[in-house]
Amino acid sequence: MTTVDGQAGAAADPAVAPRATWREWLGLAVMCLPTMLTTVDLNVMFLALPHVTADLGPSSTQQLWISDIYGFLIAGFLVTMGTLGDRFGRKKVLLFGGAAFLAASLLAAFATSTIVLIVARALLGVAGATLIPSILALLRSMFKDPKQMGAAMGLWGTSLMAGVVLGPVVGGLMLGAFWWGSVFLLAVPIMGLLLIAGPVLIPESKDPTAGRLDLFSVALSLLAILPFVYGLKELARNGWEPVPLVSLIAGLVFLAVFLRRQAQLAHPLLDLSLFKIRALSTALTMALMIAFVMGGAGLMGSLYMQMVEGLTPVRVGTLLLIPSVVMIVIGNLAPAIARKVRPAYVLAGGSLIAALGMVVLTQVGSTAGLTTLLVGLAIVYVGGASVGPMTPFLVMSSTPPEKAGAAGSLSSAVGELGVALGVAILGLIGTATYRGQVSVPGELPADAANTAKESIAGATVVAEQVGGPAAAPLLDSARDAFTSGLNTVALVCVFIFIALAVVALVGLRHVPSLGDMPMPGMPPKEKKPAPDAAGSAQPVH
């Protein structure tokens with residue numbers, strides 16, 4: 001009820017969202033730790049793999065499965081687990097996933113054979129797929145005030161980025177002090193805390209109208225996502241080969257069948273009507289493309305530092321801490337800015353800043369280019385940081401509460417897919433540029449020449465093998481050609497970021513600032529009554 005002086009009591013105004021208490025903020029802290037752990041586990045295996053190889057002796061194919069199966073199954077089960085949370089309760093699914101993650105981590109830590117380790121990593125992927133969709137949906141129900149939800153998403157996004165940043169650091173320290181299995185034991189205290197504190201601090205939420213789970217749709221989703229992601233990774237790793245190409249096409253065929261079935265079901269696994277929400281579809285597009293750019297450009301930048309500048313992986317990780325910390329800081333500022341400024345302008349501005357950073361990367365040279373690379377990456381991270389926490393916020397805030405789990409799974413799935421697409425497509429662009437520009441000395445044997453033309457890593461191996469006067473020109477040419485590939489990829493990313501700025505302005509121009517934004521299920525904010533000629537307030541109709 002509006003009083004005569006135009007003020008409304010928060011408790012009585014149905015348009016004012018209830019504010020979160022200390023219990024919700026503690027619940028957020030408990031859920032941020034598993035979020036961070038999922039990204040740590042995604043990266044730490046690359047550091048541990050040489051130790052695993054020395055101990056368990058896996059074949060080259062088994063090494064690839066040890067590294068990749070975790071990410072494959074997270075991507076494959078995200079949609080299913082998000083929908084399971086909507087149907088059976090997000091808190092139940094989160095706690096079940098936490099318990100399964102803990103058990104699988106113990107199995108991986110004490111694995112005595114390659115097969116056991118691969119199975120444990122697969123179980124970790126399935127369990128990890130339950131976490132982020134459930135957490136995003138729970139945040140949606142715990143923080144109903146848009147300003148608080150923006151802050152909560154910023155903190156949650158920080159934990160996600162912190163896992164990427166801290167994974168190599170923490171993994172390196174633990175591998176230096178303990179055996180390789182110790183990296184999996186990080187899950188014990190983190191998931192233990194979730195299982196102890198979660199039942200007390202985290203409220204349950206679910207869709208009361210959800211129907212039964214369609215198992216055929218679950219199978220179709222796996223048959224669509226797993227072959228598609230596998231094909232992308234293999235194309236990025238080995239170039240155009242028949243098996244990954246067939247896998248990619250098979251995934252697209254099953255995706256078409258999956259989407260057709262979802263359109264026909266009364267209670268689909270994935271509600272396609274969500275894509276009709278303009279803010280949600282725009283935010284998902286931006287999340288997909290920012291992951292695409294960060295995945296591909298990040299790969300090229302990391303390879304440049306190792307193959308052209310000759311830095312060790314530990315040194316690369318240390319240097320990338322600086323732009324990564326900047327990204328975390330800016331990522332938390334973006335929701336605060338969006339309280340006063342429309343998200344469209346925040347995201348468009350961030351995209352243009354990132355485009356400027358990519359312009360800097362087009363100027364990286366094959367000699368003395370490290371400083372230019374780091375400056376360019378720092379600018380890209382500053383611009384891209386606004387997209388990180390803002391896109392999940394826009395997805396969740398524009399979604400009906402009963403569909404929060406499905407929306408959370410989409411937000412996570414497009415990130416996984418974007419990275420895979422970026423590594424594959426931008427990696428192929430960089431590789432094509434390299435192959436078109438590298439010059440191989442004529443005196444090299446045919447097999448060695450072909451290896452050198454394939455990649456800069458191959459050229460480095462060949463140069464070490466042949467030595468003599470042919471080695472230096474080959475390395476110089478390979479470094480110049482790879483740097484040209486990096487410059488080309490950066491130029492492509494300039495246009496992608498400019499396009500994202502346009503997408504943000506067009507697709508999100510109707511979304512108000514966080515301070516004026518009602519959440520789905522809440523009535524719009526009541527307009528403040530205007531005073532009449534005598535100065536008393538009159539209701540606004």
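## A tour from helix 4 outwards

Begin with helix 4 and helix 14 selected together in this predicted model: the crossing that these two helices make is right-handed. On the helix 4 side, colour I132, P133, L136, A137 and R140, and on the helix 14 side A404, G405, G408, S409, S411 and S412, since these are the residues that make the contact. Taken by class, the residues of this contact comprise five nonpolar, five polar and one charged. Helix 4 spans residues 114-142 and helix 14 residues 404-437, and the two pack with their axes 8 Å apart at an angle of about 130°. An angle that is neither under 35 degrees, nor from 65 to 115, nor over 145 counts as oblique, and helix 4 and helix 14 are therefore oblique to each other.

Keep helix 4 on screen and add helix 3, residues 90-109, whose axis comes within 8 Å of that of helix 4 and crosses it at roughly 155°. Angles over 145 degrees count as roughly antiparallel, and this is why helix 3 and helix 4 are described as roughly antiparallel to each other. The crossing of helix 3 with helix 4 is left-handed, and the contact between them contains 17 nonpolar, six polar and two charged residues.

Next, select M45, which is found in helix 1, residues 22-56. With a relative accessibility of 1%, M45 counts as buried, the cut-off being under 20%. If neighbours within four places in sequence are set aside, the residues in contact with M45 are V52, I66, S67, R121 and F184. Add V183 and look at the C-alpha atoms: those of M45 and V183 are 8.4 Å apart, although 138 residues separate the two along the chain.

Now move to M305, which, together with M358, has the most contacts inside the largest nonpolar core, a set of 163 residues. Which residues are in contact with M305, once its neighbours within four places in sequence are left aside? Selecting around M305 should bring up G310, L311, V316, L319 and L320, and, further along the sequence, L370, L373 and L374.

Finally, show the whole chain, whose secondary structure consists of 17 helices and zero strands. Of its 541 residues, 53% are buried. When contacts between residues at least 6 apart in sequence are considered, 80% of them join residues at least 24 apart.

How values were computed: Residues are numbered from 1 along each chain as its sequence is written. This is a predicted model: local features need pLDDT of at least 70, side-chain atom pairs count only at pLDDT 80 or more; totals for chains, interfaces and linings use all residues. Side-chain values use heavy atoms; hydrogens and water are left out. A nonpolar core is a set of buried Ala, Val, Leu, Ile, Met, Phe, Trp, Tyr and Cys residues joined through side-chain atoms within 4.5 Å. Buried means under 20% relative accessible area, exposed over 50%, partly exposed in between (1.4 Å probe, protein chains only). Contact means heavy atoms within 4.5 Å. Axes are lines fitted to C-alpha atoms, for helices over the stretch in contact, and angles run from 0 to 180 degrees between N-to-C directions. Helices (H or I, at least four residues) and strands (E, at least two) are DSSP runs, numbered from the N terminus. A crossing is left-handed if the near helix is turned anticlockwise from the far one by less than a right angle, and right-handed if clockwise. Ala, Val, Leu, Ile, Met, Phe, Trp, Tyr, Cys and Pro count as nonpolar, Asp, Glu, Lys and Arg as charged, and the others, Gly among them, as polar.
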